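Trainee: Hey, have you got a minute to look at a structure with me? I'd like to go through it bit by bit.

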Amino acid sequence: MQLALPAGAEDQMRAFYCGLLGMVEIPKPSTLKGRGGFWARVVALECHFGVDPDFRPATKAHPAFIVSDLTALAKRLEDAGYDVVWDTALPDVPRFFTSDPVGNRIELIAKDT
């Protein structure tokens with residue numbers, strides 16, 4: 001999976017994805033380091049964060065991450081200043097949406113739903 005970011009936003013995105021969501025940054029191949037961005041992993045998912053010179057946030061298309069403690073994550077995000085928008089369109093699936101620091105839409109879903 002790849003998410004785009006504008007040049008210079010790597011530290012903000014690391015703080016969000018690695019700090020708040022719990023991903024772990026992994027080494028990017030040396031031949032690609034000059035492009036900016038970074039790579040991160042959580043369980044079996046690897047996410048590549050790439051610099052796009054014509055960056056526009058993804059406000060419709062979005063990744064969905066399954067998390068073990070949805071309520072705790074919502075609080076952590078709100079405490080960090082991020083909007084949490086709970087969604088009930090799927091009544092049996094506890095979930096919410098938020099945006100990362102550069103405006104990409106992110107969906108978070110409770111595990112075991």
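Mentor: Sure, and let's begin with Val93, which is partly exposed because its relative accessibility is 22% and buried would need a value under 20%. Keep in mind that this is a predicted model.

Trainee: Okay, so where does Val93 lie?

Mentor: Val93 is in the loop between β6 (85-87) and β7 (95-99). Its C-alpha atom is separated by 24 Å from that of Gly103, which is ten residues away along the chain.

Trainee: What about Val43, is that one buried or exposed?

Mentor: Val43 counts as exposed, with a relative accessibility of 79%. You'll find Val43 in the loop between β3 and β4.

Trainee: And what's going on with the phi of Val43?

Mentor: The phi there is positive, about 50°, although Val43 is not a glycine. Another positive phi, about 90°, belongs to Gly22, just after α1.

Trainee: How far apart are Val43 and Phe97 in space?

Mentor: They're 21 Å apart, C-alpha to C-alpha, with their positions 54 residues apart in sequence.

Trainee: Let's go inside. How many residues does the largest nonpolar core have?

Mentor: That core has 27 residues, and Met13, Tyr17, Met23, Phe49, Phe96 and Leu108 have the most contacts inside it. Elements giving two or more residues include β1 (2-5), α1 (10-20), β3 (38-42), β4 (45-51) and β8 (105-110).

Trainee: Which element gives the most to this core?

Mentor: That's α1, with five residues. As for burial along α1, its buried residues are Glu10, Met13, Phe16, Tyr17, Cys18 and Leu20.

Trainee: Is there a general reason to expect a core like that?

Mentor: In soluble globular proteins, nonpolar side chains tend to be buried together.

Trainee: You mentioned Phe49. What is Phe49 in contact with, leaving aside its neighbours in sequence?

Mentor: Setting aside the neighbours within four places, Phe49 touches Leu3, Leu5, Met13, Tyr17, Met23, Gly37, Phe38, Trp39 and Ala40. Phe49 is buried too, at 1% relative accessibility.

Trainee: Phe38 is on that list, so how do the rings of Phe38 and Phe49 sit?

Mentor: They form a stacked aromatic pair, 4.5 Å centre to centre with 15° between the planes. Phe38 is in strand β3 and Phe49 in strand β4, so the pair ties together parts that are eleven residues apart in sequence. Phe38 is buried as well, with a relative accessible area of 1%.

Trainee: How many aromatic pairs are there in the whole structure?

Mentor: A search finds five. There's also one aromatic cluster formed by Phe16, Tyr17, Phe38, Phe49 and Tyr82.

Trainee: New topic: pockets. How much space lies in the largest pocket?

Mentor: About 330 Å³. It's lined by 14 residues, and the closest to its centre are Leu21, Val42, Phe65, Ile66 and Val67.

Trainee: Which elements give two or more residues to the lining?

Mentor: Those are β5 (64-67) and α2 (70-79). The largest share of the lining, three residues, comes from β5.

Trainee: And what classes of residue line the largest pocket?

Mentor: The lining has ten nonpolar, two polar and two charged residues. Also, β5 and α2 are among the elements that give two or more residues to the largest nonpolar core, so keep both in view as you turn the model.

Methods:
Residues numbered from 1 in each chain as written. Predicted model: local features only at pLDDT ≥ 70, side-chain atom pairs only at ≥ 80, totals over all residues. Heavy atoms only, no water. 1 Å grid on protein atoms, 1.4 Å probe; cavity = no way out; pocket = protein on both sides within 12 Å on 5 of 7 lines; lining within 4 Å. Points joined across faces, edges and corners; volume = space filled by probe spheres on them. Helix = DSSP H or I, 4+ residues; strand = E, 2+ residues; numbered from the N terminus. Nonpolar A, V, L, I, M, F, W, Y, C, P; charged D, E, K, R; others polar. Core = buried A, V, L, I, M, F, W, Y, C linked by side-chain atoms within 4.5 Å. Buried < 20%, exposed > 50% of the residue type's maximum accessible area, 1.4 Å probe, protein only. Contact = heavy atoms within 4.5 Å. Phe/Tyr/Trp six-rings, centres within 6.5 Å; stacked < 30°, edge-to-face > 60°.
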